[in-house]
2 protein chains.
Amino acid sequence: MQAEFHLHSESATPEGAPGTHRPGGRTARNREAVLDAALATLAEVGYADTCVQDIATRAGVAPSTIYRRWGNRDGIILDLALTLVAEPVAALPDTGDLETDLAALAHAIVEVMQSPRIGLVQSILFAAAVQTPTARQTLNTIITRRVEDTKGIAERAVARGELPADTDPARVINTLAAPIYHRWFITGETPDTDDLTRFAKVATLAARHGLLS
Amino acid sequence: MQAEFHLHSESATPEGAPGTHRPGGRTARNREAVLDAALATLAEVGYADTCVQDIATRAGVAPSTIYRRWGNRDGIILDLALTLVAEPVAALPDTGDLETDLAALAHAIVEVMQSPRIGLVQSILFAAAVQTPTARQTLNTIITRRVEDTKGIAERAVARGELPADTDPARVINTLAAPIYHRWFITGETPDTDDLTRFAKVATLAARHGLLS
DNA sequence: AGGTAAACGAAAGCCGAGTTGCATTAGAGT
DNA sequence: ACTCTAATGCAACTCGGCTTTCGTTTACCT
């Protein structure tokens, strides 16, 4: 019970550790099998009851292999998170109206949170980020990337004169995302369509009034 | 490693468990000693490295006593959280202007988050809420109580005609709190005064426009 | 095709968290 | 004060996660 997210610093991409010298063949197959098994186990029994032994069994791999390459359970999850975030995101909405685009983005965010693939890992990472700097950094990487991927919505609104020129696009996205995550993580509710529409309205209103510069 | 926040359902206030029949004297002293030791250990070594043995040693209590009364480490933290949240909150700001009041409340929220007493436990509870329904429920209790304690700010604004009559006071508070928590937990930053002022402006603007009804 | 060593699998051992039984202490009521 | 028993301390025990060792497989280079 002593190490909750104490990943050895060689976790994600070690240096001279197993998996680096011969990244192909069996090594690659095992990596994929373990990550798949980890995701499946997480979805099935939850984070708390997920143990390395089960992942190893499901992946058809020896526990010692996992411990050597990932250190512990959280090392696997970290690797899983970094792998999943590397996947491309869906196309951005572009209707020519900021509020409509933001509402669509809001729905997309909720959809991602609900997905067993990304949403699950993201929630776990969120929880771990409170407890350990390494998870914190990984989460930051993901969040920053998401904002970068979506802030085009606000940039286009600025370009067509819908928003003040000095508007910070990232701030617009964060203003939309904040209440969604607040609902999801803090109050533990899934925002409904009315909520998402309102969140989009608030963000749009604030941006139009030059509050997000 | 199998049980991260699997508190037995008898955790906070059991039924026929130790601590219920003779709540005074040694029982009370031990309870206080354990909770104090838990808080001190958490602040010192962090959540991950906090173990029951250390808490027991610091409290001058046998580990078996803790296991019998709290079940496990998270049971202690849960009890700690419920105890801390029972403490009275600071007086509400009442300047006669909604935006000013909200800005003051925003500062108060950040101050609480930064306090080693409440902030630390609250963070841990946030993390745990993602993983277990019991922690989720405790967190909801705390959040609901906080909103109830502070929504007077919005109610007064409605009363003096600064906001539409159908405004939902709780929604105003949540609109202010959401970006603060987003900063704190998701991006991992401490909001500065400019941020808090902006959050207050956005919430005020949205409420005035009747978006929070 | 052959050689080298990285990566793996199996099994044994270690270590510490968590549990339990029993003797002792000390609340709470009489 | 006296009694009863809840609550505790102590210590032995169990159990499972994690580590280590060693022989085997196999990816990669020549």
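**Figure 1. The protein surface around DNA strand D in the predicted model.** In this predicted model, 30 residues lie around DNA strand D, and those that come nearest are A:Gly24, A:Tyr67, B:Arg22, B:Thr65 and B:Arg69. Sorted by class, the surface near DNA strand D consists of nine nonpolar, 13 polar and eight charged residues. Both protein chains take part, since at least two residues each are supplied by H1, helix H2 (52-59) and H3 of chain A and by H1 and H3 of chain B. The largest share of this surface comes from H3(B), which gives four residues. On the DNA side, 64% of the atoms of strand D within 4 Å of the protein belong to sugar or phosphate, while the rest belong to bases.

**Figure 2. Polar side-chain atoms beside DNA strand D.** Two residues of chain A are shown beside phosphate oxygens of the strand: a polar side-chain atom of A:Tyr67 lies 2.7 Å from one such oxygen of DNA strand D, and a polar side-chain atom of A:Arg29 lies 3.4 Å from a phosphate oxygen of DNA strand D. From chain B, the side chain of B:Arg26 places a polar atom 3.5 Å from a base nitrogen of DNA strand D.

**Figure 3. The protein surface around DNA strand C.** DNA strand C is surrounded by 29 residues, of which the closest are A:Arg22, A:Thr65, A:Arg69, B:Arg22 and B:Tyr67. By class, the surface near DNA strand C divides into eight nonpolar, 13 polar and eight charged residues. Helix H1 (26-45) and helix H3 (63-70) of chain A each supply at least two residues of this surface, as do helix H1 (25-45), helix H2 (52-59) and helix H3 (63-70) of chain B. H3(A) gives the most, with four residues. Among the atoms of DNA strand C within 4 Å of the protein, 64% are sugar or phosphate atoms and the rest are base atoms.

**Figure 4. Polar side-chain atoms beside DNA strand C.** A base nitrogen of DNA strand C lies 3.3 Å from a polar side-chain atom of A:Arg26. In chain A as well, an N or O atom in the side chain of A:Thr27 is 3.4 Å from a sugar or linking oxygen of DNA strand C. From chain B, a polar side-chain atom of B:Tyr67 lies 2.6 Å from a phosphate oxygen of the strand.

**Figure 5. Aromatic rings of helices H6 and H9 in chain A.** Over all chains the count comes to six aromatic pairs. In the pair formed by A:Phe126 and A:Phe185, the ring centres are 3.9 Å apart and the planes meet at 15°, so the pair counts as stacked. This pair links distant parts of the chain, with A:Phe126 in helix H6 (residues 118-131) and A:Phe185 in helix H9 (residues 169-187) of chain A, 59 residues apart. Both partners are buried, A:Phe126 having a relative accessible area of 2% and A:Phe185 one of 5%.

**Figure 6. Aromatic rings of chain B and the cluster across both chains.** B:Phe126 and B:Tyr181 form an edge-to-face pair, with 5.7 Å from centre to centre and 65° between the planes. Because B:Phe126 lies in helix H6 (residues 118-131) and B:Tyr181 in helix H9 (residues 169-187) of chain B, the pair ties together parts that are 55 residues apart in sequence. B:Phe126 is buried, with a relative accessible area of 1%, and B:Tyr181 is also buried, with 9%. Ring pairs link A:Phe126, A:Tyr181, A:Phe185, B:Phe126, B:Tyr181 and B:Phe185 into a cluster.

**Figure 7. The surroundings of B:Trp184, and an arginine over a tyrosine ring.** B:Trp184, a residue of helix H9 of chain B, is buried, with a relative accessible area of 18%. Apart from its neighbours within four places in sequence, B:Trp184 is in contact with A:Arg136 of the partner chain and with B:Met113, B:Gln114, B:Ser123, B:Glu189, B:Thr190 and B:Pro191. Of these residues, B:Ser123 is 61 residues from B:Trp184 in sequence, and the two are 9.6 Å apart from C-alpha to C-alpha. Elsewhere in chain B, the charged end of B:Arg73 sits over the ring of B:Tyr47, 4.1 Å from the ring centre.

Methods:
Residues numbered from 1 in each chain as written. Chains lettered and ligands numbered in written order. Predicted model: local features only at pLDDT ≥ 70, side-chain atom pairs only at ≥ 80, totals over all residues. Heavy atoms only, no water. Near = heavy atom within 4 Å. Polar contact = N/O pair within 3.5 Å; in protein donor to acceptor, adjacent residues only side chain to side chain. Nonpolar A, V, L, I, M, F, W, Y, C, P; charged D, E, K, R; others polar. Phe/Tyr/Trp six-rings, centres within 6.5 Å; stacked < 30°, edge-to-face > 60°. Buried < 20%, exposed > 50% of the residue type's maximum accessible area, 1.4 Å probe, protein only. Lys NZ or Arg CZ within 6 Å of the ring centre and 35° of its normal. Contact = heavy atoms within 4.5 Å.
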